[in-house]
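Got the viewer open? Here's a short tour of some side chains, stop by stop.

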Amino acid sequence: DSLGDLPINYWVYPENQKEARRSFGKTPDMMKYFNDVTGVDYPFEKYDQVIVSDFMFGGMENITLTHNTDRTMHDARAVPDHSSDGLVAHELAHQWYGDMLTTRNWANIWLNEGFATFFSRLYRTHNLGPDDGDYIRLGEIRAYQGNDKRNRRPTVHFEYFEPFELFDSHVYAKGSLILNMLRDVLGEEGFWRSIRHYTHENKMKNVETTDLKKAIEEITGQNLDWFFRQWVYKAGYPEYNVSWSYNQRTETLRLHVRQTQDQKKTDLFKMPVHIMVDNGEITDHTVWVEDEETVFDLLCTSRPKMVIFNSGMRIPCKLKMEKSVADLKFQLQNASHVLDRIWAAHELSKKKGRKVVEYMLLDAAKTDPFWGVRKEAAIAFGKLKPKIQFEDYVWINDEHDSRVKRALLGVLKNYKGDVGVSNFLQSVIRADTNYYVIADAFKTLVAVDSSSAKQYVDGLLNTESHNDTIRKSALFYFSAVKTDGNYDRLQKLASYGVMAWEARPSAIKELGAYVKTKPKTVDLLIDFLYDKDRFVRREAINQLSKHGSRSHFAALESVKESDPVLTVNVLRAKKAIEKRDTKKETKKEKNVDELRRIVDDIQKLIDQ
């Protein structure tokens with residue numbers, strides 16, 4: 001391939017030649033887009049992409065030559081559930097941010113990974129449209145907040161044992177979100193002039209966060225100490241509690257905002273927040289929230305039908321804003337931004353026990369114009385564990401987007417023992433062509449009718465699919481239906497050389513489900529630490545993090561010594577074990593203290 005005179009080549013296995021352009025074919029368009037937005041043309045003499053068997057990462061941005069996992073190769077039956085565009089754009093963006101500009105130290109690695117994640121999303125927004133781009137950003141918010149819940153730390157972080165520890169959502173997802181918020185704070189022109197200045201001035205140099213901050217100050221004259229301090233150098237995010245009232249006499253909407261995060265752990269945040277008000281006429285406002293408690297008065301000629309705080313979820317935060325079912329319904333049906341409709345759907349899922357809410361979510365899952373909202377409405381609908389007539393699901397087969405269809409299939413898990421649902425799921429397994437739909441339909445069938453699911457297991461174990469997703473779903477049966485026979489079969493399937501290598505880690509995962517009833521399973525997990533396949537070793541480490549003890553530390557350490565790539569997995573497993581053991585010890589101490597108190601009380605009664 002090429003972009004003008006620049007050679008662009010894709011190196012794949014002979015059997016993947018038809019699929020090469022499906023995975024890599026947008027590279028020239030991506031390169032042209034990045035040339036335009038960065039203001040710096042691709043800085044090297046050529047660009048190659050090569051797939052590598054058993055590759056430890058998704059991709060690696062070597063200068064002029066990116067290595068990619070061969071799992072990125074896929075046929076039409078994996079679309080749209082799998083796309084290589086995000087990975088390809090991410091690694092290409094690294095040619096600018098990572099290779100042409102390289103972070104000076106590991107602590108500032110977000111300047112590589114956050115930038116690549118951000119530019120990858122920008123290209124996909126350019127390619128797919130703003131709704132898809134914002135839905136990808138919602139995924140970044142969820143990834144960051146999930147990581148923050150497990151391990152709160154700043155984005156620029158100097159405290160680590162191994163550099164691999166830093167490669168998580170605090171630098172990828174949050175790094176991208178930081179740039180998104182900078183764009184809001186600076187405005188389009190100020191942001192892009194700053195980014196181009198930073199990129200041009202630091203070409204072929206090493207950078208730290210101070211270089212980005214300096215570039216912004218030189219271009220805009222703005223001192224953003226406050227922004228970098230709270231989002232880059234400190235941990236956490238704001239938590240808002242919001243309420244509003246309307247004064248008809250003064251035609252004023254009063255907004256009451258409190259920041260409720262624990263200030264011992266997370267400071268107050270200063271941020272511009274977008275407010276959308278719909279009172280028949282839609283108006284947008286921006287208010288600066290920086291105090292613990294603030295009241296804002298906004299002109300509004302009539303009582304609003306809808307008030308949205310942090311419209312478009314521009315700020316990653318936790319928002320508590322009580323709304324009635326009627327208000328949430330209006331927002332779900334009328335909010336212009338897809339993330340505001342998704343927020344309303346998940347708020348409605350908290351209103352349990354109301355039939356009307358089920359039908360609101362079901363209607364959104366059927367009719368919303370954006371697939372992401374339909375998918376999220378289906379997930380929210382499933383949270384209510386609805387018990388409606390199966391006939392209401394006949395439209396599932398008509399859903400043209402398999403990602404939505406899979407979410408709807410997941411809802412059917414609530415119909416355990418229902419013959420009609422079982423027959424429907426079996427028809428999907430037999431007739432659908434999408435790998436991921438078949439896999440999810442089978443997993444749901446296991447939950448609904450495990451005896452019928454059994455007849456499909458062997459056939460699915462022998463079915464080729466992208467990333468072995470169908471074989472992996474078949475393996476789920478052996479842990480969901482716990483019997484001695486299934487346990488023995490699972491052990492055989494997990495053995496080296498019996499199954500396709502992509503599926504074996506899933507066999508190890510399913511074995512972990514037997515630890516409670518068959519404690520000797522832990523010994524098997526120890527054996528798999530020395531398997532020839534890195535992904536099997538990694539899954540064995542993961543299972544030991546859930547079921548192991550301090551007595552397994554030596555075995556875990558030996559893996560770290562023989563395979564440094566798994567160092568961070570070992571460190572995380574040991575931390576998880578220590579945390580779990582500490583909880584057990586604390587609980588034991590509390591029980592002992594309680595017993596002592598009871599004994600003391602009894603002794604006092606005897607003495608009396």
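Select Phe57 to begin: in this predicted model, Phe57 is partly exposed, at 30% relative accessible area. That value falls between the 20% and 50% cut-offs, so Phe57 counts neither as buried nor as exposed. Now add Phe55, which has a relative accessibility of 9% and therefore counts as buried, being under 20%.

Keep both rings on screen. What is the geometry of the Phe55 and Phe57 pair? The ring centres of Phe55 and Phe57 are 6.0 Å apart and the planes sit at 85°, so this is an edge-to-face pair; over 60 degrees is what earns that label.

Next, jump to Phe191 and Trp192. Here's another edge-to-face pair, with 5.0 Å from centre to centre and 80° between the planes. Are Phe191 and Trp192 buried or exposed? Both are buried. If you feel like hunting for others, a search of the whole structure turns up 34 aromatic pairs.

Time for some charges over rings. Pick Trp226 and Lys270: Lys270 lies over the face of Trp226, 4.8 Å from the ring centre. Then go to Trp371, where Arg403 lies over the ring face at 3.5 Å from the centre.

Last stop, the cysteines. Select Cys300, which has a relative accessible area of 5% and so counts as buried. Cys317 comes in at 13%, so Cys317 is buried as well. How many disulfides does the structure hold? The count is 0, so no pair of cysteine sulfur atoms lies within 2.5 Å.

Methods: Residues numbered from 1 in each chain as written. Predicted model: local features only at pLDDT ≥ 70, side-chain atom pairs only at ≥ 80, totals over all residues. Heavy atoms only, no water. Phe/Tyr/Trp six-rings, centres within 6.5 Å; stacked < 30°, edge-to-face > 60°. Buried < 20%, exposed > 50% of the residue type's maximum accessible area, 1.4 Å probe, protein only. Lys NZ or Arg CZ within 6 Å of the ring centre and 35° of its normal.
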